[in-house]
Amino acid sequence: MKQLSLLLILTCIFISCENRKEQELLKREKALTLKEEEFEKKEADYKALLAMRDSISALKDTVNNDAELITEWPQKLKGFWNSKMLCRESNCSQYVIGDQRNETWEFVSDSTGIFTNVLNNKKLVRVFKAKYLKDRILLEFTSDSVSKNRVKMNVVLDDIKENIIKGTQTITGQENCSARFSVELTLPQKK
């Protein structure tokens, strides 16, 4: 009888020790998971900073190499142009290959530089910062930090003729999805 009660007591002690070890192990696993999540966030921040550094370096190189940067639109470009955009490639849910968009683009200048206003149904949709080089136009737009959908748009117009301008627009959305549109600008028909 004494042996049985002693065996029962030892079994209870052994089970309680096992539970304690298991609980400590679970606590350690939770702490390790939290540290891994923190590390992943820091790694994502680090990658974002590297990407920003690279884009700034590329922009500096572009600015330094583009000594012929023009600060006012030439008369032949100033004013309104009809745009026709066609989605050529996309991995974003908002943009489907074959999507067409028609807007009005206005090339404007002021004392702070050159810009391109984008209008849809006569309402201002966005304003591109612009750079006009001898043989191409570079436009850039980034949505503000309070915007629900963060978007970055880059346009390269590198086929500039008398009444037609062609190029490519690249849209980078959240989670690094991207869409590429062909862009064709034409002068409005005079009535």
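This note sets out points on the fold and the cysteines of a predicted model.

1. Overall make-up. The chain contains one helix and eight strands. Along the sequence these elements follow the order α-β-β-β-β-β-β-β-β.

2. Burial and surface. The chain has 191 residues, of which 23% count as buried. Its accessible surface amounts to about 14400 Å², and carbon and sulfur atoms contribute 54% of that area.

3. Contacts along the chain. Among contacts in the chain with a separation of 6 or more, 41% are between residues 24 or more positions apart.

4. The disulfide. A search of the whole structure yields one disulfide. This bond joins Cys-92 and Cys-177, whose sulfur atoms lie 2.1 Å apart. The link is right-handed, with 105° about the S-S bond. The pair connects distant parts of the chain, 85 residues apart. Cys-92 belongs to the loop between β1 (79-90) and β2 (100-110), while Cys-177 belongs to the loop between β7 (164-172) and β8 (178-186).

5. Surroundings of the bonded cysteines. Cys-92 has a relative accessible area of 7% and is therefore buried, the cut-off being under 20%. Cys-177 is likewise counted as buried, at 11% relative accessibility.

6. A cysteine outside the bond. Why does Cys-87 not form a bond with Cys-92? The closest cysteine sulfur to that of Cys-87 is in Cys-92, but the distance is 8.5 Å, which is too far for a bond; a disulfide requires sulfur atoms within 2.5 Å. Cys-87 counts as buried, with 2% relative accessibility.

Definitions and conventions. Residues numbered from 1 in each chain as written. Predicted model: local features only at pLDDT ≥ 70, side-chain atom pairs only at ≥ 80, totals over all residues. Heavy atoms only, no water. Helix = DSSP H or I, 4+ residues; strand = E, 2+ residues; numbered from the N terminus. Buried < 20%, exposed > 50% of the residue type's maximum accessible area, 1.4 Å probe, protein only. Contact = heavy atoms within 4.5 Å. Areas by Shrake-Rupley, 256 points an atom, 1.4 Å probe, with all protein chains shown as cover.
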